[in-house]
Amino acid sequence: MSSMAGDPLDDKYLWLEDVTGDDALDWVRAQNTPTVDEFAGEDFEAMRTAALEVLDTDARIPYVRRRGDYLYNFWRDGANPRGLWRRTSLDSYRSSAPEWDVVIDLDELARTDDENWVWGGANVIEPDHTRALVSLSRGGSDAVVVREFDMTAREFVPDGFTLAEAKTRIGWEDEDTVLVGTDFGADSLTESGYPRMVKRWRRGQDLSQAELVFAGSVTDVVVAAGRDRTPGFERTLVSRAIDFFNDEVYELRDGELIRIDAPTDATVSAHRQWLLIDLRTDWVTATDTYRAGSLLAANYDEFLSGTAVLSVVFEPDEHTALHHYAWTRDRLVLVTLHDVASRVEVITPGDWERRPVAEVPANTNTVIATADHTGDEIFLDSSGFDRPSRLLHGPVDGPLTEIKAAPAFFDADGLDVSQHFATSKDGTAIPYFVVRPAGATGPTLLGGYGGFEVARTPGYDGVLGRLWLSRGGTYVLANIRGGGEYGPGWHTQAMRSGRHLVAEDFAAVATDLVDRGITTVDRLGAVGGSNGGLLMGIMLTAYPELFGALVCQVPLLDMRRYHLLLAGASWVAEYGDPDNPQDWEFISKYSPYQNISDSRDYPPVLITTSTRDDRVHPGHARKMAAALEELGHKVWYYENIEGGHGGAADNAQAAFKSALSFSFLWRMLGGKG
């Protein structure tokens with residue numbers, strides 16, 4: 001086996017964790033050069049151009065969010081690579097060529113400030129919409145600079161609320177007061193690097209004078225607070241994330257914290273007079289038992305007083321799970337997954353009766369693009385592997401009409417989409433989708449994630465279509481455990497000591513693809529990022545015989561030290577604590593960095609990351625590549641010097657990253673042409 005020992009200090013490549021150290025960055029550049037030289041040729045350039053056309057085209061749907069009379073959109077294209085924050089009216093938006101009013105030109109701001117700004121969003125005060133707290137990231141990191149913006153004067157407020165770079169949480173309490181969690185100095189952050197305390201900061205005060213509202217423990221993930229300014233339903237909620245999946249939520253009322261006493265692993269949310277409780281595990285009360293994956297509702301004030309009657313809004317079954325939901329003023333819109341296909345329903349609060357939205361096509365990936373929580377308007381986006389997005393709009397009680405349609409970025413005629421089920425090691429049926437051109441003979445690419453209850457759904461991907469499917473490649477999406485495709489139980493069984501199920505499911509799908517004759521091992525590649533990058537590392541070290549090539553993006557790989565690096569401590573609830581000997585017992589069995597073999601044959605692997613990723617530390621990717629190279633394995637490496645956890649700070653970088661990965665896979669898996 002490898003020389004990477006269990007002792008985190010017995011690590012000859014520890015120096016590569018120095019993110020911006022000269023030696024580490026010299027190593028990065030030395031690794032980048034041969035990778036780019038090898039794969040950034042004529043074929044790469046054609047793919048990069050094709051990807052950039054998809055990302056930059058003006059024919060994309062400009063997705064919007066209503067704020068008062070206007071629909072707001074953030075837009076990047078070739079002429080505006082950093083982006084425009086802009087707005088228009090509904091009538092103009094419904095036209096084929098909307099007239100956009102630019103509120104902030106981020107490219108111009110970046111030039112003026114001489115900063116590499118990446119848009120981090122805007123928190124606009126409601127219901128006035130007169131001021132915004134704009135978040136700007138340097139190079140795409142999670143840490144942001146916050147600056148107050150005057151929406152009427154169209155300028156940043158000279159002496160307004162301004163915060164230095166940090167992983168800040170901030171929101172409006174009133175026009176002259178914000179609730180803020182940020183880096184206040186010593187002992188103000190959690191072990192995960194997020195705010196540990198929330199303060200009330202009034203206009204004109206120095207930040208050091210801000211009043212403490214709530215403080216959590218250093219072992220918490222994050223503490224945050226927000227003010228609901230809905231007229232007649234004003235309330236301030238404070239949350240303390242004990243770990244990634246457990247929160248204590250309080251209402252701050254007249255200086256007193258009143259606990260919203262739902263299970264800590266449930267998601268609670270308030271809208272007007274209603275409280276929703278989304279359960280991750282079974283909840284046994286004095287009078288009833290509610291199943292994991294159920295959505296419950298109660299009168300908010302009655303629940304706080306202990307007199308509420310709980311109503312079951314949704315209960316899962318073997319095939320159907322809650323995906324997401326959103327409120328209009330007087331209706332709840334619910335999206336469920338039935339064997340990973342979307343269904344949309346509208347619910348009337350009080351009697352909680354459900355009716356299907358008839359305009360939504362069957363067997364698609366449909367999501368709530370936005371809903372007006374102060375009115376009755378909804379936007380639904382519907383797409384499929386072979387069907388570009390169409391945007392439906394209308395009043396929540398219907399009818400909905402199509403007001404926008406994305407162009408087809410590749411020829412989907414003859415494209416076959418089918419769903420199959422593989423049998424995992426423990427007998428569980430694992431669904432997966434196969435997307436392939438008629439008579440496809442090219443390589444097959446298998447994608448998966450398997451973590452944090454993230455559901456992977458069958459949506460349209462113009463870059464994948466152009467760079468892979470249109471060249472004769474086959475794409476497979478695996479709906480493995482760890483995700484949320486079948487509700488929280490699909491995830492919870494694969495947490496901590498159950499993590500092996502994620503790899504077993506993915507390996508079962510890979511094996512099933514070969515057994516069905518869809519592909520062969522030498523023509524089968526796989527790709528995953530972040531938690532999916534960890535999965536790729538496990539495939540490389542534990543299942544190398546199943547694949548012809550792997551792409552491992554912004555990955556976790558050193559699970560002995562992951563909790564010590566950047567936001568890693570926040571994921572202990574998902575993976576376990578390496579410092580606990582009982583947890584390390586099961587983590588050590590799969591941690592890729594500790595399980596590199598010097599005797600097994602590995603498929604070629606491309607590992608990519610970003611220097612500016614301040615969520616998953618680039619040291620994971622760097623150390624793994626160095627250790628693999630030392631033992632003679634074929635590894636290619638590329639690190640974007642900026643780009644954050646997404647790996648790209650703008651469309652040009654995203655196109656480069658996509659082209660590099662697809663160029664590598666096409667070559668390694670024997671693609672022709």
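Helices and strands here are DSSP runs, helices being H or I over at least four residues and strands E over at least two, numbered from the N terminus. This is a predicted model, in which local features need pLDDT of at least 70, side-chain atom pairs count only at pLDDT 80 or more, and totals for chains, interfaces and linings use all residues. Residues are numbered from 1 along each chain as its sequence is written, and side-chain values use heavy atoms, with hydrogens and water left out.

Let us start with the backbone in a few loops. Arg154 sits in the loop between β7 (144-150) and β8 (155-156), and has a positive phi of about 60 degrees although it is not a glycine. Then look for the cis peptide bonds: one joins Gly398 and Pro399, with omega about -5 degrees, and Pro399 lies in the loop between β30 (387-395) and β31 (401-405). Another joins Glu126 and Pro127, with omega about 0 degrees; Pro127 belongs to the loop between β5 and β6 (131-138).

Glu126 leads us on to the second largest pocket, which holds about 1300 Å³ of space. Its 41 lining residues include Glu126, Arg227, Asp228, Ala270 and His373, the closest to the pocket centre. A pocket is found on a 1 Å grid over the protein atoms alone, using a 1.4 Å probe, as an open set of points with protein on both sides within 12 Å along at least five of seven lines; lining residues have an atom within 4 Å of a point. Grid points are joined across faces, edges and corners, and the volume is the space filled by probe spheres set on the points.

Which strand gives the largest share of this lining? It is β14, with five residues. Strands that each supply at least two lining residues include β5 (117-124), β14 (222-228), β18 (267-271) and β28 (365-371). By class, the lining has 19 nonpolar, 12 polar and 10 charged residues, where Ala, Val, Leu, Ile, Met, Phe, Trp, Tyr, Cys and Pro count as nonpolar, Asp, Glu, Lys and Arg as charged, and the others, Gly among them, as polar.

Now for the helices. The axes of α8 (residues 500-515) and α9 (residues 531-542) come within 10 Å and cross at roughly 70 degrees, so α8 is roughly perpendicular to α9. Axes are lines fitted to C-alpha atoms, for helices over the stretch in contact, and angles run from 0 to 180 degrees between N-to-C directions. Angles under 35 degrees count as roughly parallel, over 145 as roughly antiparallel, 65 to 115 as roughly perpendicular and the rest as oblique. α8 passes α9 in a right-handed crossing (the near helix is turned clockwise from the far one by less than a right angle; anticlockwise would be left-handed). Val502, Ala503, Phe506 and Ala507 of α8 meet Leu535, Met536, Ile538 and Met539 of α9, contact meaning heavy atoms within 4.5 Å. This contact has eight nonpolar, no polar and no charged residues.

Helices α2 (residues 42-56) and α13 (residues 651-668) pack at about 140 degrees, their axes 8 Å apart, and are therefore oblique to each other. The crossing of α2 over α13 is right-handed. Among the contacting residues are Phe44 and Arg48 of α2 and Phe656 and Phe662 of α13. By class, the contact has 12 nonpolar, two polar and two charged residues.
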